[in-house]
Amino acid sequence: MGTGKTSAAFRYVNASPSGERIIFISPYSEENDEGERIKSACAAKHMVLLKKVQGAKINDLRHRVQSGASIVSTHALLERYTDDILASIKEQNYTLIIDEEYNITRTLDAATLKRFYFMYECGYLRCDEESC
């Protein structure tokens, strides 16, 4: 049984100021309804689910970040965030919520490791003291 961290994240998103931009990163896949559940649970923020644009969700992510939308994304897509997307996330002052354990300890290629280091150095990654 969970400890309520996801529910707490939903409450945080719904109580956040209207101008706060959020990317909610979850391990959902297209085979389940988790993305829709997150979108519904965070209704006050009008979260968007990413769709394939020119064959890839990363293209929709790039556009949505640049336009300042609040987004539901996946662990798998997080690994593909490019430097320009990360820069836009920083410029737009997004809050990233990473739901569920994200396995960063597996072997990473140099580009992915660089992205995680960049996010850590910019203050995007931190470990919640109650969860560590």
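Both faces of strand E3 are covered, since Ile71 and Ser73 on one side and Val72 and Thr74 on the other are all buried. The model in which this arrangement appears is a predicted one. Strand E3 is paired with two other strands: two bridges join it to E2, and four bridges join it to E1, the strands running parallel in the E2 pairing and likewise parallel in the E1 pairing. Within these pairings, Ile71 of E3 stands opposite Val48 and also opposite Ile23. The chain passes from E2 through H3 to E3, and the β-α-β crossover that results is right-handed.

These strands belong to a protein with six helices and four strands, whose elements follow the order α-β-α-β-α-β-α-α-β-α from the N terminus on. Of its 132 residues, 41% are buried. Among contacts with a separation of 6 or more, 64% are made by residues 24 or more positions apart. The exposed area of the protein is about 8100 Å², of which carbon and sulfur atoms supply 50%.

Strand E1 is joined by four bridges to E3 and by four bridges to strand E4 (residues 95–98), with which E1 runs parallel. Five of the five residues of E1 are buried, so the strand is largely enclosed by the rest of the structure. Ile22, Phe24 and Ser26 point one way from E1, whereas Ile23 and Ile25 point the other way.

Ile23 illustrates how E1 is connected to its surroundings. This residue stands opposite Leu96 in E4 and opposite Ile71 in E3; not counting residues up to four places away in sequence, Ile23 touches Val65, Ile71, Ser73, Tyr81, Ile89, Tyr94, Thr95, Leu96 and Ile97. In soluble globular proteins, nonpolar side chains tend to be buried together. In the present model, the largest nonpolar core comprises 20 residues, of which Ile23, Leu61, Ile71, Tyr81 and Ile89 touch the most other members. At least two residues of this core are supplied by each of E1, helix H3 (57–67), helix H4 (75–78), helix H5 (83–91) and helix H6 (110–121). Another core, of twelve residues, lies apart from it and includes Phe10, Val13, Ile38 and Ile97.

Ser26, also placed in strand E1, is buried with a relative accessible area of 1%. This serine stands opposite Thr74 in E3 and, when its neighbours within four places in sequence are left aside, is in contact with Glu34, Ile38, Ser73, Thr74, His75 and Asp99. Two of these partners, Glu34 and Ile38, are among the buried residues of helix H2.

In helix H2, which spans residues 34–41, the buried residues are Glu34, Gly35 and Ile38. Seen down the axis of H2, these buried residues fall within an arc of 105°, so they line one face of the helix. The cover over the buried residues of H2 includes helix H1 (5–15), strand E1 (22–26), strand E2 (48–49) and strand E3 (71–74). Ile38 of H2 is thus described from several sides: as a buried residue of the helix, as a contact of Ser26, and as one of the twelve residues of the core that lies apart from the largest one.

Technical notes:
Residues numbered from 1 in each chain as written. Predicted model: local features only at pLDDT ≥ 70, side-chain atom pairs only at ≥ 80, totals over all residues. Heavy atoms only, no water. Buried < 20%, exposed > 50% of the residue type's maximum accessible area, 1.4 Å probe, protein only. Arc of directions from axis to C-beta. Contact = heavy atoms within 4.5 Å. Areas by Shrake-Rupley, 256 points an atom, 1.4 Å probe, with all protein chains shown as cover. Core = buried A, V, L, I, M, F, W, Y, C linked by side-chain atoms within 4.5 Å. Pairing = 2+ DSSP bridges. Right-handed = clockwise from strand over helix to strand, strands pointing away.
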